[in-house]
Amino acid sequence: MKATTCATLAVRLMLGASLASMMLGSAAHAADEPVQASDDQGQLEQIVVTAQKVEQNLQDVPLAISAISADKVEKLGIRDAKDLTGLAPNVTIVQGTTNANAAVISIRGIPTPATETFGLDTANGLYVDGVFIARSGGSALDVIDVARVEVLRGPQGTLFGRNTTGGGIAFISRAPSKEFKLSAEAGYGNYNAFNGKITLDPGEIAGISTSFTYSHRQRNGVVDNLNEPSDARDPGARKGDSFRIAAKADIGGTGSIQYIFDWSKIDASPINFQLTNVASGAVRPPEVVGGVPVVVTQQAPVAPFLNTVNFLDPRCAALAAPTRDWRRTVCNDINSRSTDKAWGHNVQVQNDFGAFHLKSTTGYRFWNNDSVTDLDGIGAFTAPRFTQASLFNGMPESLLQFIPSIPAAFRPFIAASPVPTVQQNLFDTNNKRRHKQFSQEVEIGNESDSLDWVLGGFYFWEKGSEYNPQNSGFVLDTNSIFLGNFGPLGPSFVAANPARYRLVQTLSVLDYTASAESTAVYGQATFYPGGKDSGLRLTAGGRYTWDTKSMVRRQNGVAPLATPEQGRASYSKFTWNLMLGYDLSDQVNLYARIATGYRSGGFNAQDPAVAGVLPSFKPENVTSYELGLKSELFDRKVRFNLAGYYNEYKDLAIAVPITNLAPGTFATKVTNAGKVTYTGVEAELTAVLTDNFTFEANAGYVDIKYKEFLAGLPVAANQPLVNIAAYATPGYTSPFTANVAMNAQFPLGDNGMRLTGRVSYAYEDGKYSFSNVLSSPFNEVLKGDNRNIVDAQVAIDRIPLAGSEAAVRFWVKNLTDEHNLVRAIDFGQLGYGGGYYADPRTYGVTVGVKF
């Protein structure tokens, strides 16, 4: 659907909502108004959150929540979810591979999908102004005017029930101001990075308050591709433009309606894939698990093959040697590029009738992604090509006479014919993704001294399509053919073989469309037996969800299917939560929580069909037990929160490389792991040390144990899958995370101007990228690095400037210039693996002004 059509629909929705608001009556509920920091000197700011659909002090909510205020968002330059890593315990975020927007978000050991496949839902919900963002690639938030960010850890199966088994991240934007406001900022940094952003609130005109924001960001690449003359197209480069329009009107003096439109386009050269490991081709015997021989992935002999090829660019030969050490120079014959366009509409109508308040949130969003990606990082080469017809080329006539299928007249010709060659690389791919989604949520509720309650209904629909051509080269050891098929003549053919290692060029296409529909009703109530000042809170909630999934696959290989393969599945689930909160004193409260969560099943686009029907995987379910303590001590100068949890997952959905594919292909399937437990602890501390210094710290630890992982494929045919839990590793999860930061501020005179500074240190344990070593032979050696990240900044702000104020900020990220491997790909039987590295040190200056 074109943007103009979308805009027309949004206007109709807005007008319809306006009429509904006026018909319903009066008073607006201000749950999403920006939270103001406390003006109390020497005390921590109080933050109000809406994690339970009502306004509550952060410390009173019986949940593990990290809230980030607008001031902190601005200071840290938070642009989207990827910038939140390290700011909350047990929350890590790994960058995408083929597009610059995507990311793998892990909360309490549960990651979102590592690929943008439309058959598998996310496990950690991302919400922008109440609208669920189904795909991480469509979550560019450069122009959002953030009022706060809420990071909810643990399953949110009642109020945020759309598959949030791990947790949720909610961005809440600032409403347009009724007064004139103008702010602008510009910055410059290394790698020729510069950015600019301007926001204008003209003030209330004809009863409507509006806000307009435009943002531009770009930088050059962070490594040099020898085959690309332009630094602006090197890996890591990006150029993005975004704008946002928001309009809000009061209705009847108490009701309100708000419409938001946002649009962004990001052209990028995604981070570089670096070759780190290649296989020798040695046979890997089956692994015996519980007395049963299990298939393991056999790897192609890439290491000896690369020693025989001729690189088109001689400079690439040295870079084809695999290494774990980060390289500043790479050799990509395919210039990886990605273009992401995302736009959407958000309409919110809210009213307060005294006895209850009502809120309606309508979202309609689109995301288009076009990418081409080099997935070997070594450049193009010329190599012997394998075909059945040319297997005997170059063999002596004395051996060819023993091949009955070769007539005597052809033997001289075949003996004189060279082995054909092919110009190829190991792997490249391109992709065209199209996605759109619609959501509607209506909630009613009220708060009193003895009872808070909310009831709601939720509807969600999405449709996505993917067209994904892949070009891979599979290395074949032709000696194995001769030794395995020619008996006593085998050694003679081996000795005369003119090209032992030959490349099988595999061209395939994955082409499918997937759709999903979800409907839910929910309710939650919090009872205060002796009133809100009594210190006791009892909460109960439930949600019933109905999901329907379908997929139509038109191609999954070399040729389109004569008859498309289809799959359709339906799921439903009731999830609930119970919470108890008790104030030991005005400064300390305890809470206990039992909650369930659910992520619907679906389809993996690469799974083989059975009689034309695509198989589906089952939903996953979680039951979470949590105890916590929240405290604000010493006249609100110290805030310390502690939480411990035990989560039990059943049928955890995991992407696993397929071990029994046809030679020359690489694919993953989604399997239900069985039973997995997560035991963890989290702590957060914020302390005002003096009028000049504030200290922040958080730490999280999670212990993940696989009780059952039915993914082992027995060597013997027609046998049940084997439990390989002893070999399982949790993907994209850091068992231990920690962050400490020191903030400083010093007044520079009596006019409010001040000097501020911040130094932070974050630590993350290295992460696995795959679930086991049986199907991913390089899984252990490709484990990510332990990360030690130091960021710093110093600024002068509140600078008086002709009735306005200005600020200048100098910043540096990754101060120690760590070169950490953060994400990996094991290409299984293709015989090689590699990974992606975090950005090197970046630094710059940002200047801003506010009127």
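**Note on the predicted chain**

1. The chain holds eight helices and 48 strands, both taken as DSSP runs numbered from the N terminus, with helices being H or I of at least four residues and strands E of at least two. The model is predicted, so that local features need pLDDT of at least 70 and side-chain atom pairs count only at pLDDT 80 or more, while totals for chains, interfaces and linings use all residues. Residues are numbered from 1 along each chain as its sequence is written, and side-chain values use heavy atoms, with hydrogens and water left out.

2. For 851 residues, a compact globule would have a radius of gyration near 29 Å, and the chain agrees with this at 29 Å; the radius is taken over C-alpha atoms, and the rule is 2.2 Å times the number of residues to the power 0.38. Along the principal axes, the C-alpha atoms fill a box of roughly 100 × 55 × 50 Å.

3. Of the 851 residues, 57% count as buried, meaning under 20% relative accessible area with a 1.4 Å probe and protein chains only.

4. The largest nonpolar core (buried Ala, Val, Leu, Ile, Met, Phe, Trp, Tyr and Cys residues joined through side-chain atoms within 4.5 Å) has 42 residues, of which Phe305, Ile378, Phe381, Phe392, Phe827 and Tyr832 touch the most other members. Elements that each supply at least two residues of this core include α3 (302-306), β24 (381-384) and β47 (832-837). Apart from it lies another core, of 23 residues, with Val289, Val296, Ala711 and Ile724 among them.

5. Beyond its neighbours within four places in sequence, Ile378 has contacts (heavy atoms within 4.5 Å) that include Leu275, Phe311, Cys331 and Leu426.

Note on methods: Buried means under 20% relative accessible area, exposed over 50%, partly exposed in between (1.4 Å probe, protein chains only).
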